[in-house]
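Let's take a friendly walk through this protein by following its aromatic rings. Have the structure open beside you as you read.

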Amino acid sequence: MSNYHSQEQTIYRNLSGKIQMGFYDNGERFPSVKEIADRFHVSYCPAQRALKLLEKDGQIKLYRGSATAVLKKPYENYLESNVFKRRIKSVLDLCHSLELISPALCTYNIQHFKKASSSLWLKKIAQGQHAGRGLYQQFERSLHLLGNQTVLSLYYDISSFSGSAFLDILYLKYGKEKADSFLQHIASEYADCIRNQHQDTSFVLQEKLEKLCGTFFDAIKDYLRNTECDADSKAQEFFSCEPRKGRTRYCDVVAIDMICRINQDVYPVGTRLPNSHTLADIYHISGITVRRTIALLNKLGVTETVNGVGTFVISRGGPDIPYKLKDLTLDDNMRNFLEALQILAIISVPVMLVSLPHVPRKMLKELFAAASIPDEKKSLVHAVSIGLQSVIRYCPFAAVQEIYKKLTLLLLKGSILRLEETGAEPVTGWTKISASIRKSCAHSDYEQLARAFQSLFQNNFASSKQLLLEIGVEGVEKITGF
């Protein structure tokens with residue numbers, strides 16, 4: 001059986017969820033293998049395997065040379081299924097998480113609409129269709145404007161995990177006619193935001209989208225809160241995501257980051273590395289991944305493990321290291337890194353504003369100290385690390401913590417660009433940003449601190465994108481800037 005986060009499993013769950021939501025109830029054509037492969041940005045094989053899994057489960061029937069037939073939904077009543085009951089608490093957490101990050105994503109997307117494409121989209125919305133399908137398609141299409149495969153992958157994981165819960169709850173609460181009217185209202189309001197994008201400021205647009213998001217999720221959250229009381233806490237399933245399916249070897253990127261730290265004398269030659277438990281906590285990886293990372297560092301001749309004592313740094317790494325990693329695809333890693341920066345620049349303000357009130361004073365003092373380091377590059381790296389950790393440890397929403405963990409790992413892929421750095425390199429705009437971080441930490445000004453991190457990620461995105469364009473990394477030009 002394929003891995004839960006493999007490409008075919010993700011496609012299978014996503015299509016199965018759409019069948020459950022009734023997207024193909026009224027003669028709507030099921031997508032072809034090619035259309036599925038294009039939509040999910042995968043090759044033909046995982047798309048075909050996903051269809052075979054759907055057929056094996058009796059949900060569809062494949063016909064050579066003719067359209068695929070949809071036979072049945074996965075569940076007679078999804079809200080009564082054991083799968084949903086195991087996920088109730090996590091789905092409620094997802095509602096809070098989506099309500100937090102979706103307005104920022106949508107604001108950014110809408111501002112990148114071109115007049116011609118927005119007119120075409122609004123025309124499609126006006127044609128009328130399955131109300132839930134129309135709303136889901138609006139959101140999914142808007143995400144494509146980012147040019148960011150990571151955010152699409154996160155969306156597919158969220159959609160697969162929540163299944164048809166959101167729509168089913170609305171239909172149960174309001175009845176079909178009122179629920180369809182409600183969904184059409186949300187879609188129309190979203191269309192108005194697109195239509196009036198040039199008239200509204202970014203702040204006004206985001207306020208409208210926050211209100212719209214709250215309207216959509218309020219009824220759903222009420223149902224989940226009432227149902228949550230009956231859920232078995234021990235049997236609850238937690239949301240997890242895997243942004244880069246089928247291609248991620250975290251030991252590669254963690255090893256490169258550790259070599260950067262060795263070169264910057266964070267782990268000087270002759271010293272012992274932190275133990276496995278500490279490394280797993282620093283990088284949010286499993287013990288197995290830590291062991292693979294150490295084995296890789298040993299193989300590259302950078303470290304040496306002494307049984308029963310620990311792993312010691314025996315040499316510094318050079319710029320030839322990435323090319324020794326045969327399974328590392330540099331272009332993919334660089335795009336992943338840039339996509340992670342883009343997402344963090346978009347959602348950092350709302351996420352940090354909800355997380356920072358829970359962060360202990362000690363951590364803010366550590367952030368102040370990091371922003372005070374004289375070597376600007378080293379100061380930047382330490383400040384980013386602490387900022388990400390503050391969300392991962394203290395954000396009240398588990399789904400946001402999970403997303404930030406995976407974005408942190410994707411950021412490590414940019415470590416390839418740092419192999420020859422010592423930490424003393426100047427960083428454009430860092431003097432002003434670091435001063436803002438220090439001031440906001442000293443006065444617990446969360447708004448200013450969140451804005452400082454937004455500027456930090458935006459600046460890093462701009463400089464990294466320019467560098468990757470100069471290097472000639474394929475696909476970088478499609479990732480929209482600020």
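**Following the rings**

Counting rings whose centres lie within 6.5 Å of each other, we arrive at 14 aromatic pairs. Keep in mind that the model is a predicted one.

Start with Phe 23 and Tyr 136, whose rings meet edge-to-face, with 6.0 Å from centre to centre and 70° between the planes. What does this pair tie together? Phe 23 belongs to the loop between helix H1 (7–20) and helix H2 (33–40), while Tyr 136 sits in helix H6 (residues 131–144), so the contact joins parts that are 113 residues apart in sequence. Both Phe 23 and Tyr 136 are buried.

Now turn to Phe 453 and Phe 457. Their ring centres are 6.2 Å apart and their planes meet at 45°, so this pair counts as tilted, because an angle that is neither under 30 degrees nor over 60 falls into that class. Here both partners come from one element: Phe 453 and Phe 457 lie in helix H20 (residues 446–471), 4 residues apart, which is about one turn of the helix. Are these two rings buried or exposed? Phe 453 has a relative accessible area of 0% and Phe 457 has 3%, so both count as buried, the limit being under 20%.

Rings can also gather in a group. Phe 40, Tyr 155 and Tyr 156 are linked by ring pairs into a cluster.

One last stop brings in a charge. Arg 87 is placed over the face of Phe 161, 4.5 Å from the ring centre.

Conventions
Residues numbered from 1 in each chain as written. Predicted model: local features only at pLDDT ≥ 70, side-chain atom pairs only at ≥ 80, totals over all residues. Heavy atoms only, no water. Helix = DSSP H or I, 4+ residues; strand = E, 2+ residues; numbered from the N terminus. Buried < 20%, exposed > 50% of the residue type's maximum accessible area, 1.4 Å probe, protein only. Lys NZ or Arg CZ within 6 Å of the ring centre and 35° of its normal.
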